[in-house]
2 protein chains.
Amino acid sequence: MATRQKIAIIGVGLLGGSLALALKKKKGLELVGWNHRASSRKKASHLLQVVSTLEKAIQNADVIIICSHSSTVLPLLKQIGGLVKGQTLIMDVSSIKGQIVRAAQLIKGLENHFVPCHPMAGKEKSGSSFADALLYQNHTVFITPLSKNPKALVRKAVRFWKSVGALPVLFNAKTHDQYVALTSHLPHLLASAYVQLYGLQTKRSQSISVAAGSGFKDFTRIAASNPAMWSDILEMNAEEVIVFLNQYRRHLTALEKQLRKGSKTYWFSFFEKGKTIRETIK
Amino acid sequence: MATRQKIAIIGVGLLGGSLALALKKKKGLELVGWNHRASSRKKASHLLQVVSTLEKAIQNADVIIICSHSSTVLPLLKQIGGLVKGQTLIMDVSSIKGQIVRAAQLIKGLENHFVPCHPMAGKEKSGSSFADALLYQNHTVFITPLSKNPKALVRKAVRFWKSVGALPVLFNAKTHDQYVALTSHLPHLLASAYVQLYGLQTKRSQSISVAAGSGFKDFTRIAASNPAMWSDILEMNAEEVIVFLNQYRRHLTALEKQLRKGSKTYWFSFFEKGKTIRETIK
């Protein structure tokens, strides 16, 4: 009789690999990983036991965590959903929750297994070679349950995230998507658009890089994030991002007018407002 | 006969205070500071000898560094210019060079003393209590000489900045202002406008702060910068900032359209372009 809990990590990249490292420290766990690509499986094998098929990975698993990009979550849920039995908990880590929740609720029986999750953890580096056992430490994890998720299943998801040092919070999927559209998806778009403007200028005058200081570097760090991950996110959460992008753009139009006017009092109060808000965030 | 070199720091805040700390380590220097406000003089006195009047500070000084905000540089130059003699080198540290160079060239005799400078160093914290002896270490310092500056005077400025570990580069003032409009002034405006959008949302839904992760924090760090310093900069360099703000805003309009269309291929290439550019900056 097996007493060890089996945890399957599907898609061992930065997030999956970091989970593996955090979970490896615990006793009584059997950790198994799987990646779609053989080259990724090979890399992941430095972190945990890797198997060659999805079926082997999830067989008799107590917990399955889908850590691959947002657009792969639903296809994987459809594939896995029919194969799991008993008390198996399935989670994902996608930054998009609304689309996934709505579609998952249409898959019969999935409510007894799948609890949608989104840990607010990441780096601008991707891939399992950047995995970090402390990636989740003190980071928020949004849990956006399906309407028919049994409470015990949701509690199991909460316990799971706490066990790796994260701070799980229950959230409505729509609210979640609105929040992260503003706090994460829009900044990624803005930072990438900004470095592209900078890139255009470097073509004309290469020496401009000497003027890229620490403020520039902080402001643009997220522009180096994984394009495959972020194209999924922008496409899937476009509706929410548009709302804020539009408001932001209209503010910039007003600011351009103010620059033409040239009132120092205006700019003082503008920067003071920003400083006051920024200082509420530690 | 005095053999010690006297260095006067006018406006001892973060930049002036950091210079004081870096210079204190050297032998054969007499360091004197002055601030307009008595309260700032009191704070600065923890770092160096502070005198009560500008005249006392600059009397017999070999080097005078104006470290106060951009809008105060020209008034101070007019005040100081007539009082200095011999080989005295005057420098500033303002982020704006064109306006200052143009006006300084109209002040008779100033070309024998004043070499305009801009060290690309700073923090989002201001005031002499945040001073840091290593602030200039390996940071670029733009030197934008007046057309009639004697070469020996410019070389003296170069040596000065090297002596505190900085990397001086000679630049045309107009080019400098264009470069920093793009790499520094525009990002400060964009980050502040962004946190103000975030601030509006927190009024509606306070719990949104739980979604402000490390990407958000990096992207918005510069929004906490000193409003007095930044209102000066935006007002004085408005002309150059407008050019890039306008280009950026038009790019955002195009991105909003793309979000409505929803093509993942588009977003992949968008984020990939940004990543490639960002990765050229270490």
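The exercises below deal with a predicted model of two chains, A and B.

**Exercise 1. Chain A on its own**

Describe the secondary structure, extent and burial of chain A.

Solution. Step 1: the secondary structure of chain A comes to 11 helices and 9 strands. Step 2: taken along the principal axes, the C-alpha atoms of this chain fill a box of roughly 75 × 40 × 30 Å. Step 3: chain A has 282 residues, of which 58% count as buried. Step 4: take the contacts in chain A between residues at least 6 apart in sequence; 73% of them join residues at least 24 apart.

**Exercise 2. The relation between the copies**

Find what turn and shift lay chain A on chain B, and which residue of chain A comes closest to the rotation axis.

Solution. Step 1: a turn of 180° with a shift of 0.0 Å along the axis lays chain A on chain B, with an RMSD of 0.0 Å. Step 2: this is the relation of a two-fold axis. Step 3: F219(A) is the residue of chain A that comes closest to the axis, its C-alpha lying at 2.1 Å. Step 4: of the interface residues of chain A, 100% are also interface residues in chain B, so the copies meet through the same surface.

**Exercise 3. The interface**

Give the size of the interface between chain A and chain B, then its polar links and its make-up on the side of chain A.

Solution. Step 1: the size of an interface is often given as the accessible area lost when the parts come together. Step 2: chain A and chain B bury about 8200 Å² between them, and 70% of this is on carbon and sulfur atoms. Step 3: three residues, F219(A), F271(A) and R278(A), supply 9% of the area that chain A buries against chain B, more than any other three. F219(A) is also the residue of chain A that comes closest to the rotation axis. Step 4: in terms of contacts, 83 residues of chain A meet 83 residues of chain B.

Step 5: between the chains there are 6 salt bridges. One salt bridge is formed by K264(B) with D232(A), where the closest N and O atoms are 3.0 Å apart. Step 6: the count of residue pairs in polar contact between the chains, both at pLDDT 80 or more, is 36. Step 7: the elements giving two or more residues to this side of chain A are β8 (140-143), α7 (173-204), α8 (214-220), α9 (227-236), α10 (238-261) and α11 (264-278). The largest share, 19 residues, comes from α7(A). Step 8: by class, the side of chain A that touches chain B has 44 nonpolar, 23 polar and 16 charged residues.

**Exercise 4. Two covered helices**

State which residues of α1(A) and α9(B) are buried, and what they pack against.

Solution. Step 1: helix α1 of chain A spans residues 14-24, and 9 of its 11 residues are buried. These are L14(A), L15(A), G16(A), G17(A), S18(A), L19(A), A20(A), A22(A) and L23(A). Step 2: they pack against β1 (5-10), β2 (29-34), β4 (63-66) and α6 (151-163) of chain A.

Step 3: in helix α9 of chain B (residues 227-236), 7 of the 10 residues are buried, so the helix is largely enclosed by the rest of the structure. The buried residues are P227(B), W230(B), S231(B), D232(B), I233(B), L234(B) and M236(B). Step 4: they pack against α10 and α11 of chain A, together with α4 (70-81), α5 (98-104), α7 and α10 of chain B. Step 5: the N-terminal end of α9(B) is capped by N226(B), with a side-chain oxygen 2.8 Å from the backbone nitrogen of A228(B).

**Exercise 5. Two serines in loops**

Are S52(A) and S95(B) buried, partly exposed or exposed?

Solution. Step 1: S52(A) is found in the loop between β3 (49-50) and α3 (54-58) of chain A. Step 2: buried means under 20% relative accessible area and exposed over 50%. S52(A), at 41%, therefore counts as partly exposed. Step 3: leaving out residues up to four places away in sequence, S52(A) touches W34(A) and R41(A). S52(A) and W34(A) are 18 residues apart in sequence, and 6.7 Å apart from C-alpha to C-alpha. Step 4: the side chains of S52(A) and K56(A) are joined by a polar contact of 3.4 Å.

Step 5: S95(B) lies in the loop between β5 (89-92) and α5 of chain B. With a relative accessible area of 9%, S95(B) is buried. Step 6: the residues that S95(B) touches, beyond those up to four places away in sequence, include S70(B), H118(B), H176(B), D177(B) and I233(B). The side chain of S95(B) makes a polar contact of 3.5 Å with the side chain of H118(B).

Methods. Residues numbered from 1 in each chain as written. Chains lettered and ligands numbered in written order. Heavy atoms only, no water. Contact = heavy atoms within 4.5 Å. Buried area = accessible area lost by both parts, 1.4 Å probe. Salt bridge = Lys/Arg side-chain N within 4 Å of Asp/Glu carboxyl O. Polar contact = N/O pair within 3.5 Å; in protein donor to acceptor, adjacent residues only side chain to side chain. Helix = DSSP H or I, 4+ residues; strand = E, 2+ residues; numbered from the N terminus. Nonpolar A, V, L, I, M, F, W, Y, C, P; charged D, E, K, R; others polar. Buried < 20%, exposed > 50% of the residue type's maximum accessible area, 1.4 Å probe, protein only. Least-squares fit on C-alpha atoms with pLDDT ≥ 70 in both.
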